[in-house]
Amino acid sequence: MAIISWLIPTLIDGSGGHRTFLQHAAYLEEQGHRSRIYVEDFDQRSSLELQRNIKTLFGFDFDEVYSGWDHIEPSEMVFATIWYSAKVVRDLPFECVKAYFVQDYEALFNPMGDGYLFAENSYTYGLHPISIGRWLPHELHERFGVEAQYFDFCADLKVYRRLPEVAREKSVCFIYQPEKPRRCPELGLEALGIVKSLMPEVKIRLFGSKTKGRVWFDHEHLGLLNLEACNAVYNRSSVGLCISSSNPSRIPFEMMAAGLPVVEIHRQNTLYDFPDSAMLLCEQTPESMAAGILSLLEKPKKMEAMSQAALRFMSKKPIDYGLDQFGKAVKALLKGKSPDPSVPRASLQEGGLQGQARRAAIEGAFSCASRSLHRCTGASWVPSSQDQSQSQAMGATYSKALGMKDRHSPIRSGHRPTVDLLTVDIWDTVLRRQCHPDAVKLHLARFLL
């Protein structure tokens, strides 16, 4: 069997990316290979300390763990796992299979500039990519002419499963990670803020990060959760929200394994791996995502149908299925075989919530969703009677579009209340720019006061 080395970045508590490549390194050891783990470590900790850290943070035991990437011992195969490790693998002085464990299109982690271009360059170094999911092989082929092998998104069905004894609540759980821009934390909060405004009884649970951030609506911040606690949250929730602006996360698949309907955004990267029967793909606006979540919360039968579809889909995607795909790709590379030349195609073509009428109604009512009232600087504004009439018309259009009753009593004609709008950045846009009609401002206030 082969010695297979892994160059991994600095350990991060709760990192799904670390858990994934360590899980696959452990799998290769189970298959008889030797996995050597080289950790990017500026503190130059001992091997024993790094072994303990990996065990504590991710639950994996490795006998060979080393600090730094400066002294890589000869191996039959070496994996790069992050874009700036690819050059290290490329320049190794000994003969080996130089592989690239690709979990994301990492150029998107950086603004356009050096970091973006260096990350893109990493795909051109002649390494052999093995990616998670089907969108990345398509991207690498289309952008760089690079052939990649892949394994499917799967889930540990012993952990992520339906718990019959746990009753679902009228609640939404959101993977909220402010430190990861690709997970669109602000976009998700804006959508949930609309949901909470229109359906105040819905519970909102945020998880996935120790950072609480600035959240202006009532919610529960769960922080970092272990795997079993995540499954418990998925079982209590009615809808799961996970936003993937680059490669999909494993989170939606784990949610589906627990029978949880999932709302995502409609982009090219979400068209390759998800089933349309258990996912609701929305336009990448807070208004569209909010409408999608509300449309599910109001239709228990639809949620149940999506839940059953999710369970059926994930029953064919146990974690061993993906690990076996990965193992076969490694075996082929060690034997010098070329990857399968077929390039995955998108399995979905259209989003689940893109109706023009609904979008127009929602964007008219919530052209910019509020952070909060009574927070930062104040601005007094007295709406006109005409503004009030237009605002009521917007409310009627929005309620009709969603099939909802207006939850707020109308503002009576001739009544001119003074509304104190205390704002942060998004409200600044609404209040200070002349392009937003006063009717829009008033309608926002009606839902948020």
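The questions and answers below concern a predicted model.

Q: What is the strand order of the open sheet of 6 strands?
A: The strands of this open sheet pair in the parallel sense. From one strand to the next, the twist averages 25°. Read across the sheet, the order is β10-β9-β8-β11-β12-β13.

Q: Which strands stand at the edges of the sheet?
A: An edge strand here has a single partner strand, so one side of it is left without a neighbour in the sheet. Two strands fit that description, one covering residues 220-223 and the other residues 279-282. They are β10 and β13.

Q: Is strand β9 largely enclosed by the rest of the structure or left open, and how many of its residues are buried?
A: Strand β9 spans residues 203-207. It pairs with β8 over 5 bridges and with β10 over 3 bridges. The strand is largely enclosed by the rest of the structure, because the number of its 5 residues that are buried is 4.

Q: Which residue of β10 stands opposite F207?
A: F207 is the bridge partner of I175, and β8 and β9 run parallel. β9 is also joined to β10 in the parallel sense. In β10, the residue opposite F207 is G223.

Q: What is the handedness of the β-α-β unit that contains helix α6?
A: The unit is made of β8, helix α6 and β9. β8 covers residues 171-175, and α6 covers residues 185-198. The unit is right-handed.

Q: Which residue in β12 stands opposite G240?
A: Strand β11 (residues 239-241) and strand β12 (residues 262-265) run parallel and are joined by 2 bridges. G240 has its opposite residue in β12. That residue is V262.

Q: How many disulfides does a search of the whole structure find?
A: A disulfide is a covalent bond between the sulfur atoms of two cysteines. For C230, the closest cysteine sulfur is in C173, and at 8.9 Å it is too far for a bond. The search of the whole structure gives a count of 0.

Q: What is the relative accessible area of C282?
A: Buried means under 20% relative accessible area. C230 is buried, at 8%. C282 is buried too, and its relative accessible area is 0%.

Q: What distance does helix α1 reach from its first C-alpha to its last?
A: Helix α1 covers residues 16-30 and has 15 residues. Its reach is close to the span expected at 1.5 Å a residue. Its buried residues include F21, L22, A25, A26 and L28. From first to last C-alpha, the helix reaches 21 Å.

Q: Which residue has a side-chain oxygen that reaches the backbone nitrogen of G17?
A: This contact lies at the start of α1. The oxygen comes to within 3.4 Å of the nitrogen. Past the other end, α1 is followed by G32, with a positive phi near 105°. The oxygen belongs to S15.

Q: Is Q44 buried or exposed?
A: Q44 has a positive phi of about 50° although it is not a glycine. Its place is in the loop between β2 (34-39) and α2 (47-58). Its relative accessibility is 69%, so Q44 counts as exposed.

Q: Is C184 buried or exposed?
A: C184 is not a glycine, yet its phi is positive, at about 50°. It is found in the loop between β8 and α6. Its relative accessibility is 15%, so C184 counts as buried.

Definitions and conventions: Residues are numbered from 1 along each chain as its sequence is written. This is a predicted model: local features need pLDDT of at least 70, side-chain atom pairs count only at pLDDT 80 or more; totals for chains, interfaces and linings use all residues. Side-chain values use heavy atoms; hydrogens and water are left out. Two strands pair if DSSP finds at least two bridges between them. Axes are lines fitted to C-alpha atoms, for helices over the stretch in contact, and angles run from 0 to 180 degrees between N-to-C directions. Buried means under 20% relative accessible area, exposed over 50%, partly exposed in between (1.4 Å probe, protein chains only). A crossover is right-handed if, with the strands pointing away from the viewer, the path from the first strand over the helix to the second runs clockwise. A disulfide is a pair of cysteine sulfur atoms within 2.5 Å. The expected span of a helix is 1.5 Å times one less than its number of residues. A polar contact is a pair of N or O atoms within 3.5 Å; within protein, one must be able to donate a hydrogen and the other to accept it, and residues adjacent in sequence count only if both atoms are side-chain atoms.
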